[in-house]
Amino acid sequence: MNIIGVLDRPTEGEYILDGVDVAKAKDRELSGIRNQKIGFVFQTYNLISRTSALRNVELPMMYAGVGKKERQERAKHYLEMVGMQDRMTHKPDELSGGQKQRVSIARAMTNNPSIILADEPTGALDSKTGRRIMDIFHRLNQEEGKTIVLITHSNELAEETQRIVTLKDGEIIGERKGSAVC
Amino acid sequence: MLIGENILLALSGLLANKMRALLTMLGIIIGIASVIAIMSVGNSISTSVTSSMEDMGVNNITLGVSQKSTEDTVTSDGRVFAGVSRGSEMSDEDYITDEMLDAMKEEFSDSTASILLSESAGSGTAEDGDLTANVSITGVNSDYLEYEELTLLAGRTLTDRDQENAKKVVLVSDRVADNLFGGDYNAAIGSEINIYVSNRYYTYAVVGVYEYDDSGFSTESEEDVTTTVYLPLEAAREQNHSSTGYSQLTIVTAAGVDSTALCDELETWFNNNYYRSNDSFEVTASSMESMVSSMTDMLSTISIAISVIAGISLLVGGIGVMNIMLVSITERTREIGTRKALGATNGSIRLQFIMESIVICLTGGFIGIILGLILAAAATNLLGYVASPSVGGIIFSVTFSILIGVFFGYYPANKAAKMNPIEALRYE
């Protein structure tokens, strides 16, 4: 996940993302890739607790240098998409786990990345809210055409995807198709 | 744009943690407050002292006879005796005489406008039956009277004839006339007044009444205020049985003359011509200008000394800010990791924390400025001066706060910027 998310450089082999060799790219270029091409969704949400949901969603656009007005419009748009339009001014402390995860999905979407990297996105949620989150991912995949890399321990969730890569102790031990329709 | 965002972010961080922020800023607040207070108090003292000295005539030179200090003497066995002034009394030949002044007028005719001579004939009370007024008697020459620019309310001023004949005629203030003659100034003219000075009565004829100019320095009540009774110089000297010389006099310099330079010339001239063979006394000259500048020098030295102490407080405050920034960065490791994952460059993380440090220091600085101004206002009020805040001090404080913020914020901010995003995200 760290390699795919270009948080780290590969020590062996190559990782070429959109024609950029990650191993050789500069820090600044990697920041740009993370900002524009990858949306992160963490198990523990990692929202910034001092600021509102809206400002959390604005954050990646701030680093992309998007103007204030456009930033707010886009942030509102994506919060509406995940059904959080009523709680935009709430701080993360005032939101439930599922709501926080929806905010963090909106945050991952704002710069319109091609990949969404979700690390155990439902791991801290009960099955019902987890279901809602998964539904959002399916929608993003089908309607917006996003590649979603979902990291999970749950075989049940894995079955919902189109392609399953099994890792054990850092080695790929298997690859097969998931049950989802192409 | 990022700067504005960061300022808002830092401010909200400060508000979220008020007590910690206040304690962190305390060093900065104390440092800045003392700089502002000291500079403002110094500023108002020097403004009012300078203006009151200028009122007295910044271009006047005071000539005085003072005791020489002896040279350091070294005995044959090598012991050193520091020079001391000899405690001898002034005798007749030590005074500045009229002949000296005449010669001086000739020598320095271009640079001296007039010579003000005065001699005190004591102070006491003017009495008329039960009615009294406090007075001090001063014998003055005509230049002196002219320089004083008295406003005559009745009668005439002292004439050259009065001076030559050492007539016992006086000018009294309106206060004296109010007390003794019930405010009838014309009745005062020509009357005789008795002044009781050191167990003796002296009788003078009043020839004029002048308007007393209350310069605001007096602490006595309106009725009891001591005013000057002007007497011809020669009359005062006769009354004092004094010799033919002066121990102190004032020279009014001509317009455009550098009084500090003239002081040196006068000293040299007098001492070379008249006091070369005098073992114990010499003439010293000082101008208001040099007094004002030495006063200002002294004040600024004190200001600098206290500012250095305040600077140490600022340094300590800065270290406190650095400390709290390091704590804050450790606390917010995950936030830093998240920001990096979302595309923050090292530069933008560094900027965020430097801005935060600047905001802490500037907020502390502003609180310090306000506190310092309040302190200065209270202190100047207590001392009886007009408060005049030091603009330079405020500009200095703001600049210095920013500099402290950048200087002590850089190291923590850089540490944050260099964090590995993976480790930062994993941090618990």
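**Exercise 1. Determine how many bridges join strand S4 to S5(A), and place these strands in their sheet.**

Solution. Five bridges join strand S4 (residues 115-119) of chain A to S5(A), and the two run parallel; here strands (E, at least two residues) and helices (H or I, at least four) are DSSP runs numbered from the N terminus, and two strands pair if DSSP finds at least two bridges between them. The model is predicted, so that local features need pLDDT of at least 70 and side-chain atom pairs count only at pLDDT 80 or more, while totals for chains, interfaces and linings use all residues. Residues are numbered from 1 along each chain as its sequence is written, and chains are lettered from A and ligands numbered from 1 in the order in which they are written.

As the next step, the order S3-S4-S5 in chain A gives an open sheet of three strands with parallel pairing. Strand S3 (38-41) and strand S5 (147-151) of chain A each have a single partner strand and stand at the edges, so one side of each is left without a neighbour in the sheet. From one strand to the next the twist averages 15°.

**Exercise 2. Find which strands helix H4 of chain A touches, and which helix H5 of chain A touches.**

Solution. Helix H4 (residues 97-109) of chain A packs on the sheet by touching S3 and S4 of chain A, and its direction makes about 170° with that of S3(A). Contact requires that the C-beta atoms of two residues, placed from the backbone, lie within 7 Å, and axes are lines fitted to C-alpha atoms (for helices over the stretch in contact), with angles running from 0 to 180 degrees between N-to-C directions. Helix H5 (residues 127-143) of chain A also packs on the sheet, where it touches S4 and S5 of chain A, and its direction makes about 150° with that of S5(A).

**Exercise 3. Describe how helix H10 of chain B packs with H12(B).**

Solution. Helix H10 (residues 288-331) of chain B packs with H12(B) at an angle of about 135°, their axes being 11 Å apart. That angle makes H10(B) oblique to H12(B), given that angles under 35 degrees count as roughly parallel, over 145 as roughly antiparallel, 65 to 115 as roughly perpendicular and the rest as oblique. On the residue level, B:Val321, B:Met325 and B:Ile329 in H10(B) meet B:Phe353, B:Ser357, B:Ile360 and B:Cys361 in H12(B).
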